[in-house]
Amino acid sequence: MAISRFSYANVRVMDLQKAIIHYTDTVGLRLVESDDQRAYFQADECQDHHCVITTLSDRAGIDHVGFKVNDPSDLVEAAEAASAHGLAVRDVPLGEIAGQGPGVMITLPSEHNMLLFYHADKIGYAGGMHNPVPGVSKNKIGAKVSHLDHTLLSCENAQPTVDFLTEVFDFSCTEKVVDPGGNIIAAFMSCTNTMHDLALGPGPNGTFHHMAFGMHSRGEVLEGVDILKEDEVPALEYGITRHGIAGVTTIYFHDPSGNRNEFYNGAYQSPGRPGLVPPIIWDVENFSRGAFYYEDAVPPAFFDEVT
């Protein structure tokens, strides 16, 4: 199975216009296209049609996550493998989602929807595709986000989804949090050479914890915090901090509908080959240090508030 990378997150929002302002003026994404039901966004340094979709709804949360495959035949293989695993599968026809080809929607054991697809329309880099301008434009609006890096989905029991992703879709588990019995509390999964493309953490099935936007430096994360303050976007009470897990610099905040976002920098690279190295293991009693290394404490709302 050849899943090439995490491509996008489709999140539900309750006010589409407020979402457009947030993801462009604050987060710093490009608005690619929109209608009265959806808006599509992409980061400056990515060429595919979108990395974030916001879909108008009566509630916040995650609609689905999108992953690209290496070949159209992988879609058939994925559908057959997921069906054999007892998971719900449906075809997504061309035109259902703008800017990409047909795909296969699979409902994971965690009750989240994962859409696999092969083709994405190309919109080019923000700096241009012919004699481009390197670096960030002086006219840049919003934070200096380079790409959508990963998403964390919440579920009651991560183990079945971890098993499916590793055994069927060839993901690697780079780090995990376990209880004294060895049961997984949280898992960090990679299908590329980044530390995690998809993470699973504690919470009700089918819910959304956050999506993270990558930046090139710790300084750009600090600049992102300045933009959050200027735009009066509330951030996590700890402010800028560091995870023990992945070791990254991070700040969390929410879009106007309550979906959690993250600005983030500094994750290590993983081998990019399933099973090549064993995962880092965190005992649950040290989870607070893994989650917030400086503070060694987890705010109650951090896992209680999901959408």
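**Exercise 1. Determine what the buried residues of helix α3 pack against in this predicted model, and explain how those residues are arranged.**

Solution.
Step 1. The packing partners of the buried α3 residues are α2 (73-84), β8 (113-117), β11 (184-190) and β12 (198-202).
Step 2. Helix α3 spans residues 159-167, and its buried residues are Thr161, Val162, Phe164 and Leu165. Buried here denotes under 20% relative accessible area.
Step 3. Viewed down the axis of α3, the buried residues fall within an arc of 165°, so they line one face of the helix.
Step 4. The general background is that an α-helix has 3.6 residues a turn, so residues three or four places apart point the same way.

**Exercise 2. Trace the pairing of strand β7 with β6 and with β8.**

Solution.
Step 1. Strand β7 covers residues 103-107 and is mostly covered, with four of its five residues buried.
Step 2. With β6 (residues 89-92), β7 runs antiparallel, and four bridges join the two strands. Within this pairing, Asp91 has Val104 of β7 as its bridge partner.
Step 3. With β8, β7 is again paired in the antiparallel sense, over five bridges. Here Thr107 stands opposite Asn113 of β8.
Step 4. β7 and β8 form a hairpin with five residues between them, and Glu111 in the turn has a positive phi of about 75°.

**Exercise 3. Establish the strand order of the nine-stranded sheet and identify the strands at its edges.**

Solution.
Step 1. The order is β14-β15-β16-β13-β9-β12-β11-β10-β17, in an open sheet with mixed pairing.
Step 2. β14 (241-242) and β17 (280-283) each have a single partner strand and stand at the edges, so one side of each is left without a neighbour in the sheet.
Step 3. β17 pairs with β10 (residues 172-178) in the parallel sense over four bridges; in this pairing Val177 has Trp282 of β17 as its bridge partner.
Step 4. Helix α3 packs on the sheet, where α3 touches β10, β11 and β12, and its direction makes about 25° with that of β11.

**Exercise 4. Describe the largest nonpolar core and the residues with the most contacts inside it.**

Solution.
Step 1. The core has 62 residues, and those with the most contacts inside it are Leu29, Phe67, Met114, Leu116, Phe169, Phe213 and Phe263.
Step 2. Strand β1 (residues 3-13) supplies the largest share of this core, five residues.
Step 3. At least three residues of the core come from each of domain 1 (3-117) and domain 2 (147-304).
Step 4. Among the residues that Leu29 touches are Phe41, Val52, Val145 and Phe213.
Step 5. A second, separate core of 19 residues includes Ala186, Tyr252, Trp282 and Phe292.

Key. Residues numbered from 1 in each chain as written. Predicted model: local features only at pLDDT ≥ 70, side-chain atom pairs only at ≥ 80, totals over all residues. Heavy atoms only, no water. Buried < 20%, exposed > 50% of the residue type's maximum accessible area, 1.4 Å probe, protein only. Arc of directions from axis to C-beta. Contact = heavy atoms within 4.5 Å. Pairing = 2+ DSSP bridges. Axes fitted to C-alpha atoms, helices over the stretch in contact; angles between N-to-C directions. Core = buried A, V, L, I, M, F, W, Y, C linked by side-chain atoms within 4.5 Å. Domains from an automatic or database assignment.
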